[in-house]
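I sat down with this one to see how a helix sits in its surroundings, and then to look at the wider layout. Here are my notes, in the order I made them.

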Amino acid sequence: MLKPKASATRELISIDGLWRFAVDTASTPEPWSSTLDTPLEAAVPASYNDLFTDSAIRDHVGWVWYQRSVRVPRGWSGERVIVRVDAATHEGAVYVNDSRVAHHVGGYLPFEADITELVAAGEEFRLTIGVNNELTFETIPPGIIEVDASGAKKQSYFHDFYNYAGLARSVWLWSRPLVHIDDVTVTTQRDGSTGVVDVASTLIGGDADVRLTLRDASGAVVGSGEGPAAVIRVSDAVLWQPGAAYLYDLTIEAVVDGAVVDEYTLAVGIRTVEVSGAQILINGEPFYFTGFGKHEDSAVRGKGHDNAYLVHDFQLMDWIGANSFRTSHYPYAEEVMDFADRHGIVVIDETPAVGLNLGIIGGITGGPTPKTWSPETLNDTTREAHAQVIRELVARDKNHPSVVMWSVTNEPASNEEGAREYFEPLVTLTRELDPSRPVTFVNVMMAVAGTDLIADLFDVICLNRYYGWYVMPGDLVAAEAALETELRAWEQLYGKPMIMTEYGADTIAGLHSIHDQPWTEEYQVKMLEMFHRVHDRIPAMVGEQVWNFADFQTSSGFFRVDGNKKGVFTRDRKPKAAAHALRARWTAIGSAK
Ligand code: GCB
């Protein structure tokens with residue numbers, strides 16, 4: 001699905017701003033069919049949960065309604081009119097006046113509807129978007145809903161971040177010609193110093209000839225092609241490199257009787273990614289990942305996309321010497337992916353499949369542990385929902401040069417019977433959808449080399465390990481030995497590249513000790529340094545991404561103090577001592593290259 005953009009043949013209007021907002025009640029059965037009777041307004045983009053003072057809204061489980069009126073520009077007659085929702089977490093339903101025009105499940109991926117037949121150029125219509133935050137065993141991510149004695153629904157889930165919901169990304173009104181470019185897929189290769197750009201495009205709405213023009217960053221034409229599928233060769237190509245992004249512009253034109261009826265321009269980075277032995281090569285060179293697992297999270301906005309935070313977070317990543325991040329634990333806003341493309345940041349792109357691990361319930365509560373993979377828990381329907389988010393993620397992000405790998409899931413119960421049957425078809429699907437990128441998953445501490453049942457299916461092994469925190473807290477000597485033993489076992493068993501995709505310690509900014517005292521700033525520094533000594537001793541380790549970039553909100557629980565405090569930065573992006581320690585290491589790694 002193409003990102004909405006204006007071009008010579010397309011216009012784009014943001015319909016972000018303040019929308020009427022109401023929580024669903026049984027007393028208004030069809031809230032879209034008239035003006036919402038509500039005193040509340042909600043900001044879009046933003047999660048709604050932290051906007052209001054009423055806990056009943058924050059904790060609401062079910063549908064909420066957003067509504068506003070929208071005027072179609074008067075110049076749009078004869079154009080197709082599209083509503084595009086960048087994300088509705090987790091289920092969205094779009095109504096134009098009284099008609100439902102779109103329904104989508106999956107909270108972090110976009111969807112759109114062609115509303116041409118229901119609206120008129122120059123006139124207003126009532127746009128209502130319902131958003132449902134419920135998670136069940138049939139959604140990705142999964143959850144459980146229970147109904148208490150008062151009849152209220154209670155949502156629980158198995159992932160460690162707050163279940164923010166609503167319209168956390170932009171909503172657009174977009175015009176498109178009837179005959180238009182529907183999709184484009186670009187892959188790149190190198191042939192000596194020549195860049196090989198393989199383009200496949202599809203049209204919709206009628207027949208047209210396709211014309212391709214590739215321009216360099218100065219706007220000079222460096223290649224061209226004809227037809228929906230073409231290969232453009234660029235001599236002396238400037239590569240897209242980590243830390244040194246270079247983007248070409250590919251313009252795709254649909255031409256009917258010599259006239260351009262549609263035009264779309266896509267940024268193209270020429271680069272290769274491959275796994276060779278225990279290395280990951282970008283443009284043929286071994287790459288060592290430094291950086292973070294992140295979250296889309298900030299005060300008041302929740303998961304609402306915010307360009308100021310986008311710029312500032314990337315500034316901090318640059319300052320600290322990070323060359324990469326993982327979109328833990330769901331696809332991020334497309335603005336983030338575009339920014340990574342433009343600034344040469346390498347991305348491990350993760351699906352929203354987090355918390356596929358019911359073992360964690362037993363681990364945390366000490367109670368009985370249900371089986372993760374069973375007809376009553378995560379089952380074939382869950383897997384179909386998982387397949388769908390993989391399809392939509394690859395469709396959305398396949399053309400980003402920053403994306404070097406797909407992460408199919410975070411910390412599933414890969415040691416439990418049924419894991420292989422669940423994951424094998426999903427890995428096959430990911431490879432079919434995109435044969436050009438390595439595929440990985442992120443392994444949980446309970447599934448070590450020898451008990452994990454799926455690691456051999458993947459190209460790269462990503463590990464989340466908490467030696468010195470959840471196990472052996474305060475004993476970094478024992479933790480170091482245990483970590484090294486475990487990593488050597490993985491290295492020996494698989495011989496594949498390995499990345500430490502999570503390691504970290506909860507840390508209260510301002511808490512200090514001269515001893516190895518968990519929660520202090522000194523302990524966070526020492527624990528990270530302990531991991532680094534081990535990483536440096538294991539040749540198959542090709543990267544380290546600290547958990548987490550910044551403190552973030554979680555559900556309430558006795559082991560979280562106003563959220564997860566493993567941030568290297570606080571939630572308002574102030575550095576803890578670990579930030580300075582990481583900066584020293586990562587800038588040295590960066591300049592050694
Ligand atoms: C993990 C999860 C992450 C948690 C983290 C923690 O393994 O992948 O979502 O936030 O541990 O801090 O416990």
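Entry 1. I was working from a predicted model, and I began with the inward side of helix α2. Its buried residues are D313, L316, M317 and I320. They span an arc of only 100° around the axis, so they lie on the same side of α2. That spacing made sense to me, because an α-helix has 3.6 residues a turn and residues three or four places apart point the same way.

Entry 2. What do the buried residues of α2 pack against? I found three partners: β25 (289-293), β26 (324-326) and α9 (577-592).

Entry 3. I then turned to the face of α2 that points away from the buried side. The exposed residues there are N307, A308, V311, Q315 and W319.

Entry 4. I checked the length of α2 as well. The helix runs over residues 307-320, which is 14 residues, and reaches 20 Å from its first C-alpha to its last, close to the 20 Å expected. Just after α2 comes G321, with a positive phi of about 85°.

Entry 5. Next I zoomed out to the domains. The assignment gives domain 1 (12-176), domain 2 (180-271) and domain 3 (274-592). Between the centres of domain 1 and domain 2, taken over C-alpha atoms, I noted 35 Å.

Entry 6. Last, I looked up the record. An unreviewed UniProt entry places "domain: Glycosyl hydrolases family 2 sugar binding" at residues 14-177. Over residues 14-177 I read 2% helix and 45% strand, with the end C-alpha atoms 19 Å apart.

Terms used:
Residues are numbered from 1 along each chain as its sequence is written. This is a predicted model: local features need pLDDT of at least 70, side-chain atom pairs count only at pLDDT 80 or more; totals for chains, interfaces and linings use all residues. UniProt positions are given in the numbering used here, feature names are shortened, and annotations may be inferred rather than shown by experiment. Helices (H or I, at least four residues) and strands (E, at least two) are DSSP runs, numbered from the N terminus. The expected span of a helix is 1.5 Å times one less than its number of residues. A residue is buried if 20 or more other C-beta atoms lie within 10 Å of its own, exposed if 12 or fewer, and partly exposed in between; C-beta atoms are placed from the backbone. The arc is that of the directions from the helix axis to the C-beta atoms. Two residues are in contact if their C-beta atoms, placed from the backbone, lie within 7 Å. Domain bounds come from an automatic or database domain assignment.
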